[in-house]
Amino acid sequence: MRVRLLVAVTTCIALAGCGGTTADAPPATPPTAAPPTSAAPATSAPASPAPASPTTASTPTPRRTTPSATRSPSPTKPSSAAPVSLDNAVLDTSGLGPIKIGMTWDELHRNGWLEVSPDCPPHQVTSKQLQARGIDLRSDAAERLGDITLSSPRYATRSGAKVGMTVAEIERIYGAQLEREVKIGYQPYPTAFVRVGDREIVFAPTWETKQLTPQTRIEFISARYYSDHYMWDGC
């Protein structure tokens with residue numbers, strides 16, 4: 001599978017002012033409390049110190065530091081970073097665990113998630129390690145990650161939906177938040193989706209499906225920017 005240029009054109013802007021809890025939105029980051037401020041202590045005229053007696057004054061002894069006793073930081077040696085684990089990752093509208101929507105090609109390459117296609121360079125393709133996990137990445141026109149698609153039940157959405165579930169099971173998870181839309185593809189493509197602002201989680205059946213029924217099984221789950229298109233091109 002290849003990371004292909006999304007031909008989708010986002011047709012809506014982000015929704016603002018949504019209240020309540022929305023399924024599959026990334027966890028909110030708690031606000032950082034400002035440190036308490038302390039009132040400046042009141043100042044008064046300093047008292048005149050009594051003159052020290054020559055017989056009681058002590059002379060400080062200077063400390064001598066030898067070069068051998070001085071500790072200096074050792075230079076940091078470059079080391080290869082450990083692979084980022086995807087074992088406990090969940091899919092939400094921000095991405096799949098450490099793989100985030102909006103990442104650049106360089107960031108994806110550094111983590112070993114993207115490769116240059118040997119068949120049609122300079123096209124980018126999902127790395128073999130991700131393909132083996134049922135993960136496919138697709139870029140947008142700005143050479144940033146715009147779509148993460150799952151084709152395996154190995155990973156679930158934050159709400160617990162997985163590839164292989166029926167539409168009825170997905171509806172039980174999301175309730176009224178689950179919408180249906182026939183997206184534009186090589187042919188009309190019936191899907192279900194949950195939208196959060198300008199992003200969505202799409203639940204798609206096989207390409208040949210003409211209509212969603214409660215018994216229709218979900219073959220793909222995608223986290224991406226919202227679009228009324230659901231298709232991609234090869235090289």
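**A first walk through the fold**

Hi everyone, let's start with contacts. If we take the contacts in this protein between residues at least 6 apart in sequence, 57% of them join residues at least 24 apart. Please keep in mind that we are looking at a predicted model.

Now, what is the protein built from? Its secondary structure comes to 3 helices and 11 strands. Following the sequence from start to end, you meet them in the pattern β-β-β-α-β-β-α-β-β-α-β-β-β-β.

Let me turn to the sheet I would like you to find on your screens. It is an open sheet made by 6 strands, and their order across it is β6-β7-β11-β10-β9-β8. The pairing here is antiparallel. As a quick reminder, strands of a sheet pair through backbone hydrogen bonds, and they can do so either parallel or antiparallel.

Which strands sit at the edges? Those are β6, residues 135-139, and β8, residues 179-183, and each of them pairs on one side only. From one strand to the next, the twist averages 25°.

Let's zoom in on one pair within that sheet. Strand β9 covers residues 189-196 and strand β10 covers residues 199-204; the two pair in the antiparallel sense over 5 bridges. If you want a spot to click on, try Phe193, which stands opposite Val202 in β10.

Finally, let's step back to the whole protein. How many of its residues count as buried? Of the 235 residues, 37% do. As for the outside, the protein exposes about 14900 Å², and carbon and sulfur atoms supply 56% of that area.

That's my tour, thanks for listening!

Terms used: Residues numbered from 1 in each chain as written. Predicted model: local features only at pLDDT ≥ 70, side-chain atom pairs only at ≥ 80, totals over all residues. Heavy atoms only, no water. Pairing = 2+ DSSP bridges. Helix = DSSP H or I, 4+ residues; strand = E, 2+ residues; numbered from the N terminus. Axes fitted to C-alpha atoms, helices over the stretch in contact; angles between N-to-C directions. Buried < 20%, exposed > 50% of the residue type's maximum accessible area, 1.4 Å probe, protein only. Contact = heavy atoms within 4.5 Å. Areas by Shrake-Rupley, 256 points an atom, 1.4 Å probe, with all protein chains shown as cover.
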